[in-house]
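Q: Please give a close look at one part of this model, in plain terms.

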Amino acid sequence: MISAYTGTQIRAAEQPLLAAGMGAVLMQRASYGLANAVVHELRARGRRLYGASVAVLAGKGNNGGDGLFAASFLAARGMRTTAVLTGDAAHPEALAAFERAGGRVHVLTEANAGELAAHVAGADVVLDAILGTGAQGGLRGAAAALVSGLSNELPGLVVACDIPSGVDADTGEAHAPVLSADLTVTFGAAKAGLLADPGADHAGRVQVVPIGIEEHLPWPSLRRLEPADLGRLLPRPGRRSHKYSRGVLGVVAGSEDYPGAAVLACRGALSAGAGMVRYLGPPAVADLVRQSCPEVVCSTGSVADNRVQAWLVGSGMGPGDSEQLQRARDAVESGLPVIADAGALPALPDVLAPQVVLTPHAGELAALLDRLGADYDRSAVEANTLGAVRQAAVLTEATVLLKGPSTLVASPFQDFYSQADGTPWLATAGSGDVLAGIIGALLAQVGSDVGRFRNAGIDPDERWAAIAALGASLHGRAGTAAAEGGPFTAGRIADAVPAVWGRLAG
Ligand SMILES: NC(=O)C1=CN([C@@H]2O[C@H](COP(=O)(O)OP(=O)(O)OC[C@H]3O[C@@H](n4cnc5c(N)ncnc54)[C@H](OP(=O)(O)O)[C@@H]3O)[C@@H](O)[C@H]2O)[C@@H](O)CC1
Ligand SMILES: [K+]
């Protein structure tokens, strides 16, 4: 499990060590780790170190100090180093070390920002060490002009020191301009803002350098399930399992306009291990489901008439599908775990419960928040995904999963997950229906298996968020497997799930 923290939590964890006079030691560990990461990355790219050029953009604080010390380590490996000092001062010891190692120093002004941008753009490595966890807001003045003058597609390797300057370490909000990195080397532990969009868009690959603060870290503000966690959480049937004991998912999805959504949701559920899938919906849709997935049992009648362990509601449903929407409300009313998607989102009561998992995309989340009186539109959600998903979970008291390149899950108790295991090719019609099916199948199988979560270090009350994160990860990994570097249709995601599951559970 990757644990991520706010900048404030990291700074608090550093305090006991700073009080013990270890500030310089922490900075040496951080900058040495940063330099090593650069060396490793250049080697991985088949680049020579000796003679390669490094430009470090160094702010006035400790982040700039890290960058300057790292550059002095790189100079010792034969690299040519230049520093652009962006503030009215620089970390004195780090600057002295940089100069001793033979680095050239430029002081940034409004007048030379363009010229220095051209110089920096030609470097083999650009180290962004302007702002770190001590920043208030984004780049200003000449530093903003310098970064605006750099294309976001620099030919060299761009490495962010701790966090891309201008990204909020707590929330992932990005104050433009931000120099997008290929690699972010972050100190002590991952910052939450690196795992939530739009911060994650700018961070590139994230590498953590331990600096000795680990024992002082509190409960993480955000987590990411890794393969070992996924393997532990995925259920395996016992010798005496039967289809009912493995978990039955009821699916209330599809409409005459969107019958395919019901098929894709069922295919997602079947691929993710549901012992049985029962479909409830219009006869024409049921016929298509039967033809496409003969394993599905199509039932008629009400939610109460059908015995299941969890419900999936809403995929492919619209505001006019009154009978289906009533079933969706009944499913929520039943107290069973429910995954509610798409058309169900505007039709459910405002206040729900933790075992109800809502799966909006950014536009749907904005509409939900707007309905609940919070002032969000789609772009506001996209600018602060973590804040928006947190607020939605607080207001609805449900578990909320926001789909995106970094899929975020918030529990109403303020536990957060971020999964980014997918591929941009997953942005295809029907992909969300398959995701709903996968999460529905998982809710049906492990929703009542409290011990499974406790053993994996997850508070059983928070298991709904973990199940949603597990589903998002399976979906992302299945999409990556289906892509083979090119496009695919949503049904292929479902087809890829069993093999991905097998590898994880292996
Ligand atoms: N603590 C430790 O021991 C360790 C810390 N480490 C490293 O230190 C980093 C945190 O360092 P930090 O606290 O010095 O803050 P940092 O982000 O470098 O600089 C901000 C400075 O710039 C200013 N400033 C603020 N906002 C601004 C803006 N928008 N535009 C322009 N200027 C702005 C503000 O000064 P002010 O304006 O208040 O005078 C402030 O002094 C952390 O990310 C990690 O890299 C590691 O080495 C491990 C050990
Ligand atoms: K930085």
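Where is the place of Pro198? From there, go on to the surroundings of ligand 1: which residues are the closest?

A: This is a predicted model, in which local features need pLDDT of at least 70 and side-chain atom pairs count only at pLDDT 80 or more, while totals for chains, interfaces and linings use all residues. Residues are numbered from 1 along each chain as its sequence is written, chains are lettered from A and ligands numbered from 1 in the order written, and side-chain values use heavy atoms, without hydrogens or water.

Pro198 is in the loop between strand S8 (190-191) and helix H7 (199-203); helices (H or I, at least four residues) and strands (E, at least two) are DSSP runs numbered from the N terminus. The bond from Asp197 to Pro198 is cis, with omega near 5 degrees. Another cis peptide bond joins Ala176 and Pro177, where omega is about 0 degrees. Pro177 sits in the loop between strand S6 (157-161) and strand S7 (183-187). Asp162 is also in the loop between S6 and S7, and has a positive phi of about 75 degrees without being a glycine. Most residues other than glycine have a negative phi, and most peptide bonds are trans.

Asp162 leads to the ligand: it is among the closest of the 23 residues that surround ligand 1, with Lys60, Asp66, Gly132 and Gly138 (near means a heavy atom within 4 Å). Helices H1 (7-19), H2 (23-44) and H3 (62-76) each supply at least two residues of this shell. By class, the shell has eight nonpolar, nine polar and six charged residues; Asp, Glu, Lys and Arg count as charged, Ala, Val, Leu, Ile, Met, Phe, Trp, Tyr, Cys and Pro as nonpolar, and the others, including Gly, as polar.

Polar contacts (N or O pairs within 3.5 Å) involve both backbone and side chain. Oxygen atoms of ligand 1 lie 2.8 Å from a backbone N or O atom of Asn63 and 3.0 Å from one of Gly134. A nitrogen atom of the ligand is 3.3 Å from a side-chain N or O atom of Arg140. The protein covers 77% of the 910 Å² of accessible area that ligand 1 has on its own (Shrake-Rupley method, 1.4 Å probe).

Technical notes: Polar contact = N/O pair within 3.5 Å; in protein donor to acceptor, adjacent residues only side chain to side chain.
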